[in-house]
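Dear colleague,

Please find the structure below, handed over for your reference. A summary of what was found in it follows.

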Amino acid sequence: MSVERHHVQEENVGAYLLSALTEIEQRTFEQHLDDCPVCQDEVDRLRPAVHALPRSVDPVDPPARLKTSLMAAVKADATEAAGEASRHGMARRVRERIAGLNDALMGMRPGVAWVAASIVLLTGVLAGATGLYAISGVNTEEDRPQAITAKVDKTRVPNGSGSLVLPADARDGAVLRVHGLPTLENDSVYQVWLERRGEVISQSTFTVGEDGEGAAAVTDSLESADAVMITRERAPEAKAPTEDSIVRVAL
Amino acid sequence: MIRSVGVLRTPLGGMKRQDDIQSLADEEVMHLVQEGDPRAFELLYDRHGGPAFSLAYRMVGNRVTAEDVSQEAFLSIWRSRARYQADRGSVRTWVLGIVHHRAIDALRRNLVHEKRRSSAEGIEERFEAKETTPGEAARREEARSVRTALEELPDEQTRVIELAYFGGFSHSQIADMLEMPIGTVKGRMRLGLDKLRRTLAGVAA
């Protein structure tokens with residue numbers, strides 16, 4: 001580390017801590033930080049002041065729907081992850097069973113070995129067919145999340161895709177996940193609607209990040225629902241859709 | 001079929017019923033979150049969702065965007081929960097750091113800045129929160145003491161710190177807005193943070 005480089009970077013300490021450097025400047029500073037104990041000490045010394053700044057803000061209550069929507073997405077994630085873990089566990093158990101079978105077959109006569117292998121593998125297949133989830137002892141069959149692929153209007157959202165992740169019980173609502181949606185202007189939001197017997201009911205609004213990904217809760221029961229759909233509306237939300245849906249999940 | 005029975009394993013290896021997690025420290029709750037437990041995450045949100053939303057609201061200036069920022073931040077916290085390291089700061093600091101970055105992303109990707117830039121006093125004249133809820137007196141008091149410490153800084157230092165931290169402006173944008181050299185902006189940021197640190201340490205002592 002050169003002294004000259006240190007002097008150049010040292011003056012960035014405050015801006016770095018306040019997230020006021022550009023991305024490139026930040027990367028350069030962090031590279032310098034790795035090698036410079038003086039700047040590391042200075043960052044550590046000043047950091048408590050930055051950590052105090054958010055505490056200067058007066059408390060404001062978040063809307064209740066934020067928690068509802070967030071927890072719906074998190075629970076869907078957790079259920080999906082549990083399903084994944086269960087599937088991996090099943091695959092591992094089958095692999096172990098086959099490995100164990102190989103060991104056991106080593107000492108058998110060929111005809112006996114073939115019959116034994118068939119029985120063990122058939123048991124494994126039947127176990128898989130009758131429910132991967134029951135085997136794990138963690139989730140039940142009815143916990144298994146299902147996803148319905150959404151139909152996207154590609155003329156208006158060329159890169160869009162999405163799916164509706166359903167919980168075990170349709171009365172619990174669902175989570176709509178989207179990918180590849182464009183970010184909207186500040187005064188616009190994506191709005192989720194539930195269509196039931198000709199009536200269209202607002203569910204939630206959301207925006208997407210730069211990666212085009214987003215998730216929103218369908219809070220009403222899906223029982224007797226015909227479809228879940230998304231439109232683009234002016235913030236904070238519309239009372240009724242002002243355009244044809246850009247994403248639609250038929251139920 | 002076997003169902004889980006609402007019992008959680010604590011970092012100490014014991015078993016905790018759901019009712020008991022309310023008494024766990026943040027770091028212990030975070031340990032359960034890292035194990036993928038949505039109930040622990042809900043508790044984490046209950047504890048820090050308010051400050052997170054307040055910070056987002058202070059930065060972006062409207063409830064809808066603040067809600068989006070908070071939602072994105074907490075989903076990111078859930079999905080990157082493995083990255084939390086207890087030895088690098090409190091859970092509250094970690095959560096608010098993520099909210100801060102998300103709010104800056106939101107500010108930089110939409111027109112909020114453009115609208116604010118047209119008003120030189122935009123940052124200061126924003127929203128005084130009007131909502132009050134029971135049990136928030138301590139947080140209001142804490143907010144008051146940190147604000148007092150900020151107000152004790154020379155105005156030019158307070159201004160660059162607020163524009164950067166709450167406004168999400170880069171040092172060069174601030175230099176343009178205040179018509180001063182970038183080096184001066186950076187210097188004031190550093191001096192201001194140093195003085196704030198000393199003042200707060202004095203308050204604490």
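How many salt bridges does the rule find across the interface of chain B and chain A? The rule finds 11 salt bridges there. Please note at the outset that this is a predicted model, and that the values below are computed from it.

**The interface**

The two chains meet through 72 residues of chain B and 60 residues of chain A. The size of an interface is often given as the accessible area lost when the parts come together. Here chain B and chain A bury about 6,100 Å² between them, and 60% of that area is on carbon and sulfur atoms. One of the salt bridges in the structure pairs B:Lys186 with A:Glu11, whose closest N and O atoms are 3.8 Å apart. As for polar contacts across the interface, 19 residue pairs are found, with both residues at pLDDT 80 or more.

Several helices of chain B each supply at least two residues of the side that touches chain A. These are helix H2 (38-60), helix H3 (63-79), helix H4 (91-109), helix H5 (112-117), helix H6 (137-151), helix H7 (155-165) and helix H9 (182-204). Sorted by class, that side of chain B has 29 nonpolar, 18 polar and 25 charged residues.

**Chain B on its own terms**

Chain B has 9 helices and 2 strands. Read from the N terminus on, its elements run β-β-α-α-α-α-α-α-α-α-α. The chain has 205 residues, of which 50% count as buried. Among its contacts between residues at least 6 apart in sequence, 59% join residues at least 24 apart. Chain B exposes about 9,800 Å², with carbon and sulfur atoms supplying 50% of this area.

**Salt bridges within the chains**

Over all chains, the structure holds 25 salt bridges. Three that lie within a single helix may serve as examples.

In chain A, the side chains of A:Arg45 and A:Glu42 meet in a salt bridge, with a distance of 2.9 Å from N to O. Both residues belong to helix H4 (residues 37-52) of chain A; they are 3 residues apart and therefore separated by about one helical turn. A:Glu42 has a relative accessible area of 13% and is buried, because buried means under 20%. A:Arg45, at 30% relative accessibility, counts as partly exposed.

In chain B, B:Glu141 forms a salt bridge with B:Arg144, the closest N and O atoms being 3.4 Å apart. Both lie in helix H6 of chain B, 3 residues apart, which is about one turn of the helix. B:Glu141 is partly exposed at 44% relative accessibility, and B:Arg144 is partly exposed as well, with a relative accessible area of 43%.

Also in chain B, B:Asp194 and B:Arg198 form a salt bridge, with 3.3 Å between the closest N and O atoms. They lie 4 residues apart in helix H9 of chain B, about one turn of the helix. Is each partner buried or exposed? B:Asp194 is buried, with a relative accessible area of 14%, whereas B:Arg198 counts as exposed at 51%.

Salt bridges that share partners join residues of both chains into one network. Its members are A:Glu10, A:Glu42, A:Arg45, B:Arg190, B:Asp194, B:Arg197 and B:Arg198. The network thus includes the pair A:Arg45 and A:Glu42 and the pair B:Asp194 and B:Arg198.

Yours faithfully

Technical notes. Residues are numbered from 1 along each chain as its sequence is written. Chains are lettered from A and ligands numbered from 1 in the order in which they are written. This is a predicted model: local features need pLDDT of at least 70, side-chain atom pairs count only at pLDDT 80 or more; totals for chains, interfaces and linings use all residues. Side-chain values use heavy atoms; hydrogens and water are left out. Contact means heavy atoms within 4.5 Å. Buried area is the accessible area (1.4 Å probe) that two parts lose on being put together, summed over both. A salt bridge is a side-chain nitrogen of Lys or Arg within 4 Å of a carboxyl oxygen of Asp or Glu. A polar contact is a pair of N or O atoms within 3.5 Å; within protein, one must be able to donate a hydrogen and the other to accept it, and residues adjacent in sequence count only if both atoms are side-chain atoms. Ala, Val, Leu, Ile, Met, Phe, Trp, Tyr, Cys and Pro count as nonpolar, Asp, Glu, Lys and Arg as charged, and the others, Gly among them, as polar. Buried means under 20% relative accessible area, exposed over 50%, partly exposed in between (1.4 Å probe, protein chains only). Accessible areas come from the Shrake-Rupley method with a 1.4 Å probe; for residues, only the protein chains shown count as cover.
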